[in-house]
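Subject: Structure for your review

Dear colleague,

Please find below the structure that I am handing over to you. I should be grateful if you would look through it alongside the notes in this message.

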Amino acid sequence: MLQSFYRGLQRDLLIWDSASTHHAKEMKNFLVERRIDQIMIPVGINLQSLDIAVNKPSKDHLRVKINEYIENRMVRNQS
């Protein structure tokens, strides 16, 4: 019941940096048409939560797997 009541009012939120392409009129129109609000992170503010919480651990895990693969391949080639 509650979900159908708000169905027409739902919007999305996009949080991104203040790159010049994000300020373009075409981009603003694109977001408005799709009912997407935006928040610009000002230059100089370091909000890298995804880099810290998601990207770095993923890259670290991938690096370990790549190193294991390389080491195993080298051992097989020496045999």
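The notes below cover the fold, the confidence, the surface and the salt bridges.

Please bear in mind that this is a predicted model.

Overall fold

The protein chain contains three helices and two strands. Their order along the sequence is α-β-α-β-α. Of the 79 residues in the protein chain, 5% are buried. Among contacts with a separation of 6 or more, 50% are between residues 24 or more positions apart.

Confidence

For the protein chain the mean pLDDT is 79, with 84% of the residues at 70 or more. Helix α2 (residues 25-33) has the highest confidence, at a mean of 90, whereas helix α1 (residues 2-6) has the lowest, at 41. Across residues 1-7 the pLDDT remains under 50, and the model shows zero contacts beyond four places in sequence for this segment. Where pLDDT is low, the predicted coordinates should not be read in detail. I would therefore ask you to apply that caution to residues 1-7, where pLDDT is under 50.

Surface

The exposed area of the protein chain is about 7400 Å², and 58% of it comes from carbon and sulfur atoms. A nonpolar patch of about 480 Å² lies on the surface and is formed by Leu62, Ile66, Tyr69, Ile70 and Met74. Leu62, one of these residues, belongs to helix α3 (residues 49-78).

Salt bridges

How many salt bridges does the model hold? The count is five, and three of particular interest for this handover are described here.

Arg11 pairs with Asp37 in a salt bridge whose closest N and O atoms are 2.8 Å apart. This pair links distant parts of the chain, as Arg11 sits in the loop between α1 and β1 (12-17) and Asp37 in strand β2 (residues 36-41), 26 residues apart. Are the two partners buried or exposed? Arg11 has a relative accessible area of 38% and is partly exposed. Asp37 is likewise partly exposed, at 33%.

A salt bridge also joins the side chains of Asp60 and Lys56, with an N to O distance of 2.8 Å. Where do these residues stand relative to each other in the helix? Asp60 and Lys56 are four residues apart in helix α3, so about one helical turn separates them. Asp60 is partly exposed, with a relative accessibility of 30%, and Lys56 is partly exposed as well, at 48%.

Lys65 and Glu68 form a salt bridge through their side chains, at 3.7 Å from N to O. Both residues lie in helix α3, three residues apart, which is about one turn of the helix. The relative accessibility of Lys65 is 42%, so Lys65 counts as partly exposed. Glu68 is partly exposed too, with a relative accessible area of 37%. Elsewhere, Lys56, Asp60 and Arg63 are joined into one network by salt bridges that share partners.

In reading the model, I would suggest starting with the Arg11 to Asp37 pair, which links distant parts of the chain, and then turning to the Lys56, Asp60 and Arg63 network.

With kind regards

How values were computed. Residues are numbered from 1 along each chain as its sequence is written. This is a predicted model: local features need pLDDT of at least 70, side-chain atom pairs count only at pLDDT 80 or more; totals for chains, interfaces and linings use all residues. Side-chain values use heavy atoms; hydrogens and water are left out. Buried means under 20% relative accessible area, exposed over 50%, partly exposed in between (1.4 Å probe, protein chains only). Contact means heavy atoms within 4.5 Å. Accessible areas come from the Shrake-Rupley method with a 1.4 Å probe; for residues, only the protein chains shown count as cover. pLDDT is the predictor's confidence in each residue, from 0 to 100. Patches are made of residues with over 30% relative accessible area and no salt bridge: like charges are joined within 9 Å, nonpolar side chains (Val, Leu, Ile, Met, Phe, Trp, Tyr) within 5 Å. A salt bridge is a side-chain nitrogen of Lys or Arg within 4 Å of a carboxyl oxygen of Asp or Glu.
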